[in-house]
Amino acid sequence: MGAAIEALLERVQAARAGLAAAVAAQDPYEVAAAQDELDDAVRFARRHGLDVDVDQSDKG
């Protein structure tokens, strides 16, 4: 796996973790910001040919 692909997947994983933390903290602003980051990370990964799944747990 190339470094660029690894970086894209790590960004998606970090965004998912950030969203989970924001949801756990019950912080509406952080949830919105984390959801935006996850959406952007997934969109960017898909634009570069990666098949990134989004499931119900990815929704804040």
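A helix here is a DSSP run of H or I with at least four residues, numbered from the N terminus, and its expected span is 1.5 Å times one less than its number of residues. All views show a predicted model, where local features need pLDDT of at least 70, side-chain atom pairs count only at pLDDT 80 or more, and totals for chains, interfaces and linings use all residues. Residues are numbered from 1 along each chain as its sequence is written, and side-chain values use heavy atoms, leaving out hydrogens and water.

**View 1. Helix 1 runs from residue 3 to 25.** With 23 residues at 1.5 Å each, helix 1 should span 33 Å, and its end C-alpha atoms are 32 Å apart, which agrees. Look for L8, V12, A15, L19 and A22, which are buried (under 20% relative accessible area with a 1.4 Å probe, protein chains only; exposed means over 50%). Helix 2 (28–47) is included in what covers them.

**View 2. Between the helices sit Q26, just after helix 1, and D27, a cap for helix 2.** Q26 takes a positive phi of about 55°. D27 caps the N-terminal end of helix 2, with a side-chain oxygen 3.1 Å from the backbone nitrogen of Y29; a polar contact is an N or O pair within 3.5 Å.

**View 3. Helix 2 has a buried side and a face turned away from it.** V31, A34, Q35, L38, A41, V42 and A45 are buried. Down the helix axis these buried residues fall within an arc of 130° (taken from the directions from the axis to the C-beta atoms), so they line one face. They pack against helix 1 (contact means heavy atoms within 4.5 Å), while Y29, D36 and R47 are exposed on the face turned away.

Technical notes: Helices (H or I, at least four residues) and strands (E, at least two) are DSSP runs, numbered from the N terminus. A polar contact is a pair of N or O atoms within 3.5 Å; within protein, one must be able to donate a hydrogen and the other to accept it, and residues adjacent in sequence count only if both atoms are side-chain atoms.
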